[in-house]
Amino acid sequence: MNLATPIRALVRRDGKLLQPLLISPRPETQGEVVTKIDGVEVDRRSVSGPVGPFEVYFEPSPQTRSLLISVEVNKIALTETVSVKPARKVLIYVLPHSHHDLGYTDLQAAVEEKQMQNITLAMELAKKTESYPEGARFIWNLEVLWGCDFFMQRRSEAEKKALIEAIRKGQISPQGSYANELTGLCGSEELLRLFKYGTQLGKQCGIKVDSAMMSDVPGYSWGTVTAMSQAGIRYFSGAPNFFDRIGTFMEVWQDRPFWWVSPSGREKILMWIPWTGYALSHITKKLNEEWVGRYQDRLDEVIYPYDISYIRWSGHGDNAAPDPEISDFIRDWNAKYEWPRFSIASTSTAFSAFEKRCGHQLPSYRGDLTPYWEDGAGSSALETAMSRNAADRLTQAATLASMLAPGSYDESAYATAWRDVLMYSEHTWGAWCSVSDSENPFTKKQWDYKRDFAVKAESRSEALIAASLPASDATVQGSIDVHNTSSWSRTGIVYLSRQLSSAGDSVVTADGRPVPSQRLSSGELAILVSDIPALATASYKSSSGPAHSSDHAVTIKNNVLTNRFLSVHVDPETGDIVELYREGSRENMVNRDHGAVNQYLFLSGVDFAHLGRSSKPTITVEENGPLVASIRIDSSAPGCRQLTRRIRLCEETNFVEISNIVDKERAPLNPHPGQGDQGSDFAQHGSKESVQFAFPLSVPNGKMLLDIPLGAMQPEIDQLAGSCKNWLPVGRWIDVSNESFGVTWVTLDAPLVEIGGITATMLGSQKVPSLWRQHVEPTQTFYSWVMNNHWGTNYLAYQSGPVTFRYALRAHEREDIAAASRFATELSQPLLVSPSVNRGFVSASMLKIEPASALLTELKPSDDGKAWIVRVFAASDEDVSAHLTWSSKNIGQTFLSNLAEEPLRPVSGDVSIAGWDLVTLRVERT
């Protein structure tokens, strides 16, 4: 034991601030004890029995210095030189919460119950400490809100009333995010829905929810700023895992608060990541004087310039109960010491105090904090596609209901379906032993629970589409309706089932004009519909007789598919696309130096020397025009039982469609299941594999732009420091364009890409920041990274069976980013077909929005049924003035609104929208 231990604190004695020094004489000391600092007596006491440590005090210094400590006992002196660091005059906010892992260490049902019980315990602890001094009273931050949602659904009325009262009193503080989300997996509406429940809970409790927490996940999609701003959130406490698979994220951003600016530049949130993220209490276990000193050492280390700081305190483990000791520690510390000072607080209280004092000093950064953990979604590619497509279907269903049957819209049904989508994208995928012991019932049960989110999202979204369409018994035989749920006029191919087209192959419009059609080998009837107005329905009539032809025809000859816009050449030796030409151009848009488009690549571990490719294929013409031409390419391929690729080109379309079915073989299982944990050799390195499809494009001097929710970004240029660059989540499209022409690539099912090479090679745990990719060089080559099992925990060890990955490549002239978004929307929210309830008509557009770069992203009845909620996105970097024209006369005042659907302020005339910004409007119904 040291004779003297400096305490990094300040106490007030006789009106002066002094720094304490803990003196620890031998317990058997008897007699007179005299303590001197640098030869000056500071304490004298007589000791007649066993003596414990005691404090003495000295004048503080702003610099670190050495002090000579002398303790004389009966004139016999012991000496020691100590280094004394100055105490910081810093207010440290402590934010108690429980990290919400839905599963991993326990079955999900048990975790749900635990988090509801945590709310009850927190209310009891808050009540118990009501008489404590301010700053020591217990406050509980609801890290995310799914546990609270369950509480409000399942607990008694008395318990729910108690929670609402505790929220109103500030003892329980709801944070705005529904879950610890993998935001890179979210589409725009999903990202907005992530924060909607917080606005509803705030309204129910009569408070404003202006802060959010997310824990464990490293990195957040840029559109998160826009989505949070729509929810009224200004403060964001991000607290990632502090050591594993996080790249340089924590190295860059820990203890460096900043203003994170949205893609439009119009919104900003205060982003602040604390030391060790959310896990400080997992490491430290207990707050004490020693820790207070180490925390100040940390602030010194990063040259922390502010006099307010904060820590997360999430108890002792994930899903931990509230820690009752912190209130007592802070009460006692604050009573004894003046600085540092501690205060238990909500995120909002801590961040708003920090903003008032230091906000003007903070830097602002505009860019994507590209997340890392989204790669795990490739371990369950089928379910990821199901959830991804369900999100688009839900958005489309709400628009369809608005057009056809507003009375059928049931917000509670939509909220339930959106919850399934959100909880699939929540970061907890499965058990801690998901890889090391994949067949254990504990693992299996957790995956079944997780998978069910995707399954239910799919079925519920399909049911909501069906609920908005007319009942089949009200339809007219041989007549069909085609519904356009987009805010622009649509032309395209629609496919009628055998049953819906049973009247025959001859199709005409409502006014009798012939419509080109083609009976397909599947029994479906493909028809070319033209110029269906925005948010409108057009009727068609089918009857017996020959199909009508178009003025042009798509052809197949020698594995080359051609229409009047494109020529697509498939190599008979590989099945890959080796040439892609625009009509009239000699510029091959496939970079043959980097491979071929839609080339299958299988990587075992990181064995690039044996990178697997598909075998010589069998190529079959399935549809031979004149309206639809398609070929089927069957091959054997490493890692799968069968690889089936289809290439389809249609007349009057400037894009080629690709559909790849990977019938996946299961990766080998752990030969010693249950032996070893997530850190074992098998979990870290065994049976690791990945599948990708190559897209090497060639557009001279072309710039690459990636779609992200509520924005777009250029790799490297728009990525903030600390971002993941080994792989990137993508929304729906990537565009590569120069000043004259370009290509837009759309992905419907797979959300991950590697830019410039196969760079997703980080197997198992990765704890060394320098091993991660630091830069992305300019390139026009990327890979759709569709499957992997690279993690050693949480995500799946293998996947098996057929999974479909759909893509499209559209050739275009000069860059038009809004057109890229429209093209992707047309594929992800296709024209919908139903039996007709009329004898032929074209409805007027429910709503027209001009110009074309102002895109409708959602149209729905308001939750209170009194208005339309309209979200309009400026889908480029150019500001727009959006003009809305309604066909109905029952339209009242238009208001700027938000996720809470509140009428914020009236709008008259056109709506000004900054480039890359989103505007929510509330349009009253009269």
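The expected span of a helix is 1.5 Å times one less than its number of residues. Keep that in mind for helix α13, which we'll get to in a moment. One thing to know up front: this is a predicted model. Below is a quick tour of a few helices, one sheet and one arginine.

**Helix α13**
- Helix α13 covers residues 411-424, so to speak a run of 14 residues, and reaches 20 Å from its first C-alpha to its last. That's close to the 20 Å expected at 1.5 Å a residue.
- Is α13 enclosed or open? Since 10 of its 14 residues are buried, α13 is largely enclosed by the rest of the structure.
- Here, buried means under 20% relative accessible area.
- The buried residues of α13 include charged-looking names you may recognise, among them Glu411, Arg419 and Asp420, along with Tyr414, Trp418 and Leu422.
- Among the elements covering those buried residues are α2, α4 (188-193), α5 (196-205), α12 (381-404), α14 (441-468) and β47 (854-861).

**Helices α2 and α3**
- Two packed helices are described by the angle between their axes and the distance between the axes.
- For helix α2 (residues 146-154) and helix α3 (residues 157-168), the axes come within 8 Å and cross at roughly 140 degrees.
- That crossing makes α2 oblique to α3.
- On the α2 side, the contact is made by Cys148, Phe151 and Met152, while α3 brings in Glu159, Lys160, Leu163 and Ile164.
- Sort the residues of this contact by type and you get 5 nonpolar, no polar and 2 charged.

**A sheet of 3 strands**
- Now for some strands: 3 of them form an open sheet, in the order β46-β49-β52, with antiparallel pairing.
- β46 (847-850) and β52 (911-913) are the edge strands, each pairing on one side only.
- On average, neighbouring strands of this sheet are turned by 30 degrees against each other, direction ignored.
- Zoom in on β46 and strand β49 (residues 880-886), and you'll find an antiparallel pair with 4 bridges.
- Which residue in β49 is the bridge partner of Lys848? It's Thr885.

**Arg451**
- Where does Arg451 sit? Look in helix α14.
- Arg451 is partly exposed, because its relative accessible area is 30%, and partly exposed means between the 20% and 50% cut-offs.
- Gly430 is 21 residues from Arg451 in sequence, and their C-alpha atoms are 9.6 Å apart in space.
- Leaving aside neighbours within four places in sequence, Arg451 is in contact with Leu382 and Glu383.

Definitions and conventions. Residues are numbered from 1 along each chain as its sequence is written. This is a predicted model: local features need pLDDT of at least 70, side-chain atom pairs count only at pLDDT 80 or more; totals for chains, interfaces and linings use all residues. Side-chain values use heavy atoms; hydrogens and water are left out. Axes are lines fitted to C-alpha atoms, for helices over the stretch in contact, and angles run from 0 to 180 degrees between N-to-C directions. Helices (H or I, at least four residues) and strands (E, at least two) are DSSP runs, numbered from the N terminus. Angles under 35 degrees count as roughly parallel, over 145 as roughly antiparallel, 65 to 115 as roughly perpendicular and the rest as oblique. Contact means heavy atoms within 4.5 Å. Ala, Val, Leu, Ile, Met, Phe, Trp, Tyr, Cys and Pro count as nonpolar, Asp, Glu, Lys and Arg as charged, and the others, Gly among them, as polar. Two strands pair if DSSP finds at least two bridges between them. Buried means under 20% relative accessible area, exposed over 50%, partly exposed in between (1.4 Å probe, protein chains only).
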